[in-house]
Amino acid sequence: MSLQTPAKIRTLQRKLYLKAKTEPDFRFYILYDKIWREDVLRHAYALVRANKGAPGVDGQDFRQIEQSGVEQWLSAIRNDLREKTYRPMPVRRVMIPKPGGGERPLGIPTIRDRVVQTATKLVIEPIFEADLEPNTYAYRPRRSAAEAIEAVQTLLLRGYTDVVDADLSRYFDTIPHSELMQSVACRISDRHVLRLIKMWLKTPVEETDGSGGKRMTGGKGSKCGTPQGGVISPLLANLYMNRFLKYWRRSGTGVGLRAHVIAYADDFVILSRGHALAAETRARQVMMKLGLTLNTEKTVVVDARRERFDFLGYSFGPHCFRKTGQRYLGASPSKKSVGRVKASVNEVLRRGNMAPWPVVRGQLNRILRGWSAYFSLGTRLMAYRAVDNHVERRTRAFLVKRHKVPTRGTRRYPDRVIFGEMGVLRLRRIHLGAPSCASG
């Protein structure tokens, strides 16, 4: 199945967007029948299939669906939606390790529910996209983290160097349902669509305890939080954060405090000229009214001319030209980001990885290529060099162990061999614009 949005769906989305953009007070009252259209459901399945993902509580995976017939399976979903008998199943919660240690919960809805949520998103996203403030960049068509990073750097260079590095406490888990549904209802009056969203907000979560037993949390009694791991969750989260961003603009707070907000999901910074403390206080007050909380310990005010702050993996603030020692305001991959890619390299080059070298090299190069593609802005050479040196040492140690070389391997596996005939990607070559000489 093609992932390119079919022309008929693009036309629908364009019409909805233009209607919402030209009539800011219009409420859409006939949308539900678009969600169970055959072409919408078929494209929704293609998108979910491309994202892969594990089965939900029903244990059904893509292989089983395709063995029994995708069209028949989608027809059953379409009938449930048309007859209004569709009910979401519980979300399966698993714990995954965090890069800095500890674990975080990940919700896995069933594939069936992911498809219905994706179909709903295809229909309603253009409506809300027309309303979102331009300074929020996450989970939006034709928006990216790179644009948010560039916006922060531009503001710093324009003198907005008094910065609130903000952190919201458990944003996705604390969004109040009643206020969120008010935001949805400002644009959508179709009661069947509203009912779908309410059901997803109230979907129970199935957890497994230490002894393997199952227990349910959430459900109809829950009053906060967006669907765990749901396709629709980022859209709803953006919609609620937009209340804060819209207030900041409409109330004149940004102009009065000479302060700009740059937001990426629940991660945001406020860049001002001399009013960072007042901006933090005002942001805290507004968030409290929205039922949200700024994390006191993690929210800090910094003078970016003298100290750095991290945002979206980059470290912003004072940098130095190595040759002259001259200081400048710049951005570079943060220490945490460098540490995370090193940990990923270590995982691939672990002693127990018995895959053939071309497979190992392919795994390694995909990590390095993806990391360098994201960290392609600002000052990168020192971070690239640190990663290259780490990759060189770990690769040499891996090959020495694998081939039982009786020495440290510096002669058998010098850097020209590792980054040459062994085909490992060298980030400094990317930085200098030279061929990477990497395979896999």
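The following paragraphs describe a four-stranded sheet and two residues of a helix in a predicted model.

In this predicted model, local features need pLDDT of at least 70 and side-chain atom pairs count only at pLDDT 80 or more, while totals for chains, interfaces and linings use all residues. Residues are numbered from 1 along each chain as its sequence is written, and side-chain values use heavy atoms, with hydrogens and water left out.

The sheet is open and has the strand order S2-S1-S4-S5, with mixed pairing; strands are DSSP runs (E, at least two residues) and helices likewise (H or I, at least four), numbered from the N terminus, and two strands pair if DSSP finds at least two bridges between them. Its edges are formed by strand S2 (103–108) and strand S5 (214–218), each of which pairs on one side only. Neighbouring strands of this sheet are turned by 40° against each other on average, direction ignored, the axes being lines fitted to C-alpha atoms and angles running from 0 to 180 degrees between N-to-C directions. Strand S1 (residues 91–97) runs antiparallel to S2 and is joined to it by six bridges, and Pro 97 stands opposite Glu 103 in S2.

Helix H11 (residues 233–250) contains Ala 237 and also Ser 233. Ala 237 is buried (under 20% relative accessible area, with exposed meaning over 50% and partly exposed in between, for a 1.4 Å probe and protein chains only), its relative accessible area being 3%; for Ser 233, likewise buried, the value is 6%. Contact means heavy atoms within 4.5 Å. Apart from neighbours within four places in sequence, Ala 237 is in contact with Tyr 171, Phe 172, Ile 175 and Thr 226, whereas Ser 233, with residues up to four places away not counted, touches Phe 172, Thr 226 and Pro 227. Between Ala 237 and Pro 227, ten residues apart in sequence, the C-alpha to C-alpha distance is 9.9 Å.
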